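Work through these exercises with the structure open. Try each task before you read its solution.

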Amino acid sequence: MKKLSILFLSLFLTLNIFAVEQIYVGAPKAPPVLPVLRMMETNALGKEYKIDVKVWNSPEILIAMVQGKEAQFFAFPLTVVSKLYNKGLDVKLMNVNTWGVASLISTDSSIKDWKDLKGKTIYMGIKSSPPDVFTHYFLSKAGLKEKEDYNVVYSNKAEHTNFIVSGKADYAVTIEPDTTTILTKNQKFKVAISFEKEWQKLKGDKSHIPTAGFGVLGEIAEKNPALVKKFNEEYAKALQWVLENPEEAGKLAEKKLGMDGKIVTKAISNMGLNFVQAKDAKKTLDEYYQILKEYDPKTIGGKVPDENLYFNK
């Protein structure tokens, strides 16, 4: 009996030594997920962790995933993470990784400015995302009001791209790699307005418009800040690898998420990928959130988020 007890104890200890913790990352099939795929491939967090991606394709799914704690880490549109934080959800922003990735594309060569969209219907992907919010913001600056001067039709990410490629829309707001997909498959479309250039006009400088970043559940940041710091560091390295190895990154996106590898490869240089720790981006984000607050406080959850939004360890 004593020998049997020792055997079970030995087996228990062995299993615990080799136990692997599952790390889930909630992300769309969009630029922020690419470095995560590299991290999965290289086992970047070490042998004691296994990373997997749970795909979301609408803000409703993302919010449900956060509320249900279905993942530890999330790719967040910056407007959405502010809303969640201001509503009392315990989330921390770790980095900003995607900048100025949106465009207004059209088959109509007469579209040169936002005011030219009067009377038009614009097709949009993710509702409440930065491209959506800034579309309304720029249109309001041009003196146009939704439903009076223009209409917006929303759809999920896959439907959005397919609908535009098929030629059922003439005016659409897109992000990479979807923009490259559409311009490649339907050459009637051209980029009419660059959100990056519009932001630079607004700011009067050459800064880039922040769009998305990675965040973590607050309880994970509290219990295991070393893991969060490691994730952030490895994500930065993986993002650099994506930029330096677009062909391999495209193959990874196809292998792990079924994305079109060639399109991803072609689009990477236009994805606005640039890693900045959230705490270092706070000044830029404060300005960004203040602009949106002055336009419509609801777009960011009522107020500019305070310093507790930012992971700072």
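Helices (H or I, at least four residues) and strands (E, at least two) are DSSP runs, numbered from the N terminus. The model is predicted: local features need pLDDT of at least 70, side-chain atom pairs count only at pLDDT 80 or more, and totals for chains, interfaces and linings use all residues. Residues are numbered from 1 along each chain as its sequence is written, and side-chain values use heavy atoms, with hydrogens and water left out.

**Exercise 1.** Place proline 130: which helix holds it, and is it buried or exposed?

*Solution.*
- Step 1. Find helix H5, residues 130-141; proline 130 is in it.
- Step 2. Check the accessibility. Buried means under 20% relative accessible area, exposed over 50%, partly exposed in between (1.4 Å probe, protein chains only). Proline 130 has 3%, so it counts as buried.
- Step 3. List contacts (heavy atoms within 4.5 Å). Leaving out residues up to four places away in sequence, proline 130 touches Pro77, Leu78, Thr79, Thr211 and Tyr288.

**Exercise 2.** Follow tyrosine 288: which residues does it touch?

*Solution.*
- Step 1. Again skip residues up to four places away in sequence. Tyrosine 288 touches Leu78, Thr79, Pro130, Phe134, Trp199, Ile209 and Pro210.

**Exercise 3.** Find how strand S3 and strand S10 pair.

*Solution.*
- Step 1. Apply the rule: two strands pair if DSSP finds at least two bridges between them.
- Step 2. Strand S3 (residues 73-77) and strand S10 (residues 210-217) have five bridges, in the antiparallel sense.
- Step 3. Look across: phenylalanine 73 stands opposite valine 216 in S10.
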